[in-house]
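Biologist: I am new to this structure and would like to start with a close look at a single part. Could you pick one, walk me through it slowly, and then show me what lies around it?

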Amino acid sequence: MHAGLVEEEELFRAVQRSGTRALLIGRRALIMLGLPVATFDYDFWIHIDDAERLNQALEPLGLVPNRSPEEARRFGRYVLENDTRVDVMVARVVPTVDGQRVAWEDVWERRVSLEAVPGIPVAIPCVDDLIATKRFGARAKDANDIQLLQVLQKRGTS
Amino acid sequence: MSERQDWPTAEDIARVREAAERPLPLEEFLAWINTPMSEEEEAEALSLINWFMRRYPTPAERLAYARRMTRHWPR
């Protein structure tokens, strides 16, 4: 079992090999697209049936869930943690702060696949959907990130 | 490993995190995201993005950079 910080490559490899339908959201996704922002955490939005699969995949890395899969589905989110923190959303639909309903299935359908580590693809939402996920909360950093994503959108992502 | 002078302290990190993660009143949040950046702000953001994408052309390189930057920061 690992103690302490999880190696990013191991994390992404474990998620990929597990077959979890996982979207990387949050600032790591922004960084992959080209936004120079900082974060300590990992944020995933997974298919509602895949919490068990994800937990099993990350258990060898020492990441422990704070809720059972049933509880996680009821609350819509949970955390896997040791010294690394992985926030996981497990809701089918999440409302934005201004009432728009964002469905996991739709975001998954429009996903983009990028290599997080050479040979290991990770699914992230398209830019429009990332902006929508940044409206799930109304934090200062979300507002800032939305503005940066809009600049990226104007510029183009390649 | 020796501590570099230019790394943020635990207090710096906590202060920035608190400011960044604070929930805003809905009206304030919507006003922020619906107010376009000034030309100057947008040019500065674009310049940073262009630098980052030029310096780190692939998503994997960008993640690796971010990882290196934060690896030794206090949590």
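**A hairpin and its surroundings**

Modeller: Happily! Let's start with strand E4 (residues 77–81) and strand E5 (residues 85–89) of chain A, which pair in the antiparallel sense over five bridges. Please keep in mind that this is a predicted model. E4(A) and E5(A) make a hairpin, and three residues lie between the two strands. For a landmark, find A:Tyr78, which has A:Val88 of E5(A) standing opposite.

Now look along E4(A) by itself. In a regular strand, side chains take turns between the two faces of the sheet. Which side chains of E4(A) point to the buried face? They are A:Tyr78 and A:Leu80, and both are buried. A:Arg77, A:Val79 and A:Glu81 point to the other face and are not buried. So A:Tyr78 has two roles to remember: A:Tyr78 is on the buried face of E4(A), and A:Tyr78 faces A:Val88 across the hairpin.

E4(A) has another partner too. Strand E3 (residues 64–65) of chain A pairs with E4(A) in the antiparallel sense, over two bridges. Here A:Leu80, one of the buried residues of E4(A), has A:Pro65 standing opposite.

E5(A) also pairs with strand E2 (residues 42–46) of chain A, in the parallel sense and over four bridges. One place to see this is A:Trp45, whose bridge partner in E5(A) is A:Met89.

Let's move from strands to helices. Packed helices are described by the angle between their axes and by the distance between those axes. In chain A, helix H1 (residues 8–18) packs against helix H3 (residues 51–58) at about 135°, and their axes are 9 Å apart. At that angle, H1(A) and H3(A) are therefore oblique to each other. H1(A) passes H3(A) in a right-handed crossing. From H1(A), the residues that take part are A:Ala14, A:Val15, A:Arg17 and A:Ser18, and they meet A:Arg53, A:Leu54, A:Gln56, A:Ala57 and A:Leu58 of H3(A). By class, this contact has five nonpolar, two polar and two charged residues.

Next, visit a loop. A:Phe136 sits in the loop between helix H6 (127–133) and H7 of chain A. Is A:Phe136 buried or partly exposed? A:Phe136 has 19 C-beta neighbours inside 10 Å, and therefore counts as partly exposed; the cut-off for a buried residue is 20 or more. Leaving aside neighbours within four places in sequence, A:Phe136 is in contact with A:Val94 and A:Thr96. A:Arg101 is 35 residues away from A:Phe136 in sequence, and the two C-alpha atoms are 9.6 Å apart in space.

That loop leads us to helix H7 (residues 140–155) of chain A, which packs against H2 of chain B at about 20°, with 9 Å between the axes. H7(A) and H2(B) are therefore roughly parallel to each other. Their crossing is right-handed. A:Ala143, A:Ile146 and A:Gln147 of H7(A) meet B:Phe29, B:Trp32 and B:Ile33 of H2(B), and by class the contact has five nonpolar residues, one polar and no charged ones.

H7(A) packs against H3(B) as well, at about 70° and with the axes 10 Å apart. These two helices are therefore roughly perpendicular to each other. H7(A) brings A:Leu148, A:Val151, A:Leu152 and A:Arg155, while H3(B) brings B:Glu42, B:Ala45, B:Leu46 and B:Ile49. This contact counts six nonpolar, no polar and two charged residues.

Finally, step back to see chain B. Chain B has four helices and zero strands, so to follow the chain from the N terminus you simply read α-α-α-α. Of its 75 residues, 12% count as buried. How many residues of chain B are in contact with chain A? There are 29, and they touch 28 residues of chain A. The elements giving two or more residues to that side of chain B are helix H1 (10–21), helix H2 (26–34), helix H3 (39–55) and helix H4 (59–71). H4(B) gives the most, with eight residues. By class, the side of chain B that touches chain A has 21 nonpolar, two polar and six charged residues.

Terms used:
Residues numbered from 1 in each chain as written. Chains lettered and ligands numbered in written order. Predicted model: local features only at pLDDT ≥ 70, side-chain atom pairs only at ≥ 80, totals over all residues. Axes fitted to C-alpha atoms, helices over the stretch in contact; angles between N-to-C directions. Parallel < 35°, antiparallel > 145°, perpendicular 65-115°, else oblique. Left-handed = near helix turned anticlockwise from the far one by under 90°. Contact = placed C-beta atoms within 7 Å. Nonpolar A, V, L, I, M, F, W, Y, C, P; charged D, E, K, R; others polar. Pairing = 2+ DSSP bridges.
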